[in-house]
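Trainee: Could we go through the strand pairing and the nonpolar packing of this model, one question at a time?

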Amino acid sequence: MSRFLLRALALIAAGWTMSAQAADLNYGSRPPLTVNQPLNAYSWAGPYLGGNLGYAWGSVDNNLTKPSGVAGGVQAGYNWQQGPWVFGVEGDIQATGADDTFAPWKFANPWFGTVRGRVGYALGNVLFYGTGGLAFGELRATTFGLSESHTSAGWTAGIGGEMGFAPNWSAKVEYLYVDLADSNFVITGASNGYRFGLIRAGVNYHF
């Protein structure tokens with residue numbers, strides 16, 4: 001009986017030792033996950049930086065020109081996430097080839113930028129969002145060899161979708177409507193502004 005008891009105690013002690021060693025191997029210096037921490041959850045939180053390319057088309061107030069062309073640039077932003085809800089801020093700067101000529105008038109939009117808020121709903125690595133905020137950019141008028149440019153502020157709003165496709169990387173498709181306020185142009189004798197739609201695709205790197 002005593003020999004059986006000693007053997008049982010030895011087996012129990014060996015089991016405890018192996019369990020402790022296994023725990024050390026699994027966790028190392030990190031604490032174990034708790035039941036309240038979601039496993040394999042995709043996070044949209046944090047800063048990001050990326051580039052985009054798209055196409056803009058629109059019209060000039062008090063003029064028959066309809067500038068359109070390719071647009072491309074860079075964007076940067078920061079996201080906060082609460083459950084499936086994602087809140088963020090984003091800014092971008094774009095160079096564009098949007099221009100058009102009608103009779104003696106030519107209007108072009110060489111560049112524009114936006115600073116926007118974003119509110120979205122995440123389904124894992126897929127994010128759907130709405131966005132809106134401040135827009136600013138240049139409208140340039142040319143006629144009979146004379147040129148005049150105005151930089152105007154305005155507003156923008158749009159919608160988009162973004163998908164994480166690799167660690168730290170996501171791709172997005174976005175539509176924006178941009179309204180650059182009217183300015184008084186001397187060479188046209190009128191108040192001209194530029195309103196346009198923009199559809200673009202982009203890639204972001206999340207830090």
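Trainee: In the hairpin of β6 and β7, which residue takes a positive phi?

Mentor: This is a predicted model, in which local features need pLDDT of at least 70, side-chain atom pairs count only at pLDDT 80 or more, and totals for chains, interfaces and linings use all residues. Residues are numbered from 1 along each chain as its sequence is written, and side-chain values use heavy atoms, with hydrogens and water left out. Strands here are DSSP runs of E with at least two residues, numbered from the N terminus, and two of them pair if DSSP finds at least two bridges between them. β6 (residues 146-166) and β7 (residues 169-185) are antiparallel over twelve bridges, and in their hairpin, with two residues between the strands, the positive phi, near 75 degrees, belongs to Asn168.

Trainee: Which residue in the turn between β7 and β8 has a positive phi?

Mentor: β7 also pairs in the antiparallel sense with β8 (residues 190-206), over 15 bridges, and Asn184 stands opposite Ser191 of β8. Four residues separate the two strands of this hairpin, and the one in the turn with a positive phi, of about 65 degrees, is Gly189.

Trainee: Which element gives the largest share of the largest nonpolar core?

Mentor: A nonpolar core is a set of buried (under 20% relative accessible area, 1.4 Å probe, protein chains only) Ala, Val, Leu, Ile, Met, Phe, Trp, Tyr and Cys residues joined through side-chain atoms within 4.5 Å. The largest has 16 residues, and Val178 and Tyr194 are among those with the most contacts inside it. Its largest share, four residues, comes from β7.

Methods: Buried < 20%, exposed > 50% of the residue type's maximum accessible area, 1.4 Å probe, protein only.
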